[in-house]
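Here's a quick look around a protein model, with an eye on its aromatic rings. Have the structure open and follow along.

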Amino acid sequence: MNRRWLMWAALIGGAFIASAWTAGESESLARQPAAKGSLVEFNEDGSIKQPAGFRKWVFLGAPVTPNDMNEGEASFPEFHNTYMDPESFAYVEQHGEYRDGTVIVKELTSVGSKVQPSGNGYFQGGFTGLEVSIKDGKRFAEEPGNWAYFSFGHKYPLKTGASRNKVASCNSCHDQNATNFVFSDVYPVLKDVLTKARTEQR
């Protein structure tokens, strides 16, 4: 009788330990971060879907060329709130150049109020558009500098997908006027890390 009781106790105890281990294992897995997904999701036709979570990336700056400083016809009259994915920014800090896979997102906002308690100026209004640039030597081997440019529109609601812009509309301008296809001079945060990285490499 005692032997049977001991056997049952051992079985019940083993089941309890296994259950506790399984629960602990599940809890441990739940605490682990989710697998890192792709920064940009491509459709079968080569277009891209709107990137998610970019507002948590590294903020580079917000240049603006307002209409009233450009005879009422600025090419880009919006604020360009510009973000770079953190991994690529870290690469720039270390190497002073842009890695394959770099993603830069520009979220556009209108010029809103020009008067605030702090004084007169240009202050951001509402969201107006979204643009993405991607460097990828394999996917965009034929593009100058391997950079491709995408626009989801300049008016809400935005398009859910965006096809690659023609070279003449974006890439050629960046090639002729920017440094390594990025207007880093208008982004103090980016300009600073590029300067430091290149200085350290000398």
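The protein has four helices and nine strands, where helices (H or I, at least four residues) and strands (E, at least two) are DSSP runs, numbered from the N terminus. Read along the sequence, they come in the order α-β-β-β-α-β-β-β-β-β-β-α-α. Keep in mind that this is a predicted model: local features need pLDDT of at least 70, side-chain atom pairs count only at pLDDT 80 or more, and totals for chains, interfaces and linings use all residues. Residues are numbered from 1 along each chain as its sequence is written, and side-chain values use heavy atoms, with hydrogens and water left out.

Of the 202 residues, 31% count as buried, meaning under 20% relative accessible area (exposed is over 50%, partly exposed in between; 1.4 Å probe, protein chains only).

Now for strand 8, which covers residues 147-151. Five of its five residues are buried, so strand 8 is largely enclosed by the rest of the structure. In a regular strand the side chains alternate between the two faces of the sheet. Here Trp147, Tyr149 and Ser151 sit on one side, Ala148 and Phe150 on the other, and all are buried. Strand 8 pairs with strand 7 in the antiparallel sense over five bridges; two strands pair if DSSP finds at least two bridges between them. Lysine 135 stands opposite tryptophan 147.

On to the rings: the structure holds five aromatic pairs. Rings of Phe, Tyr and Trp (its six-membered ring) pair if their centres lie within 6.5 Å; planes under 30 degrees apart count as stacked, over 60 as edge-to-face and the rest as tilted. Two of the pairs involve strand 8 residues:

| Pair | Type | Centre to centre | Angle between planes |
|---|---|---|---|
| Tyrosine 98 and tryptophan 147 | edge-to-face | 6.0 Å | 80 degrees |
| Phenylalanine 140 and phenylalanine 150 | tilted | 6.1 Å | 55 degrees |

Tyrosine 98 is in the loop between helix 2 (86-95) and strand 4 (103-111), 49 residues from tryptophan 147, and their pair links distant parts of the chain. Tyrosine 98 is buried at 5% relative accessible area, and tryptophan 147 is buried at 1%.

Phenylalanine 140 lies in the loop between strand 7 (124-135) and strand 8, so its pair with phenylalanine 150 ties together parts ten residues apart in sequence. Both phenylalanines are buried. Phe42 joins Phe140 and Phe150 in one aromatic cluster.
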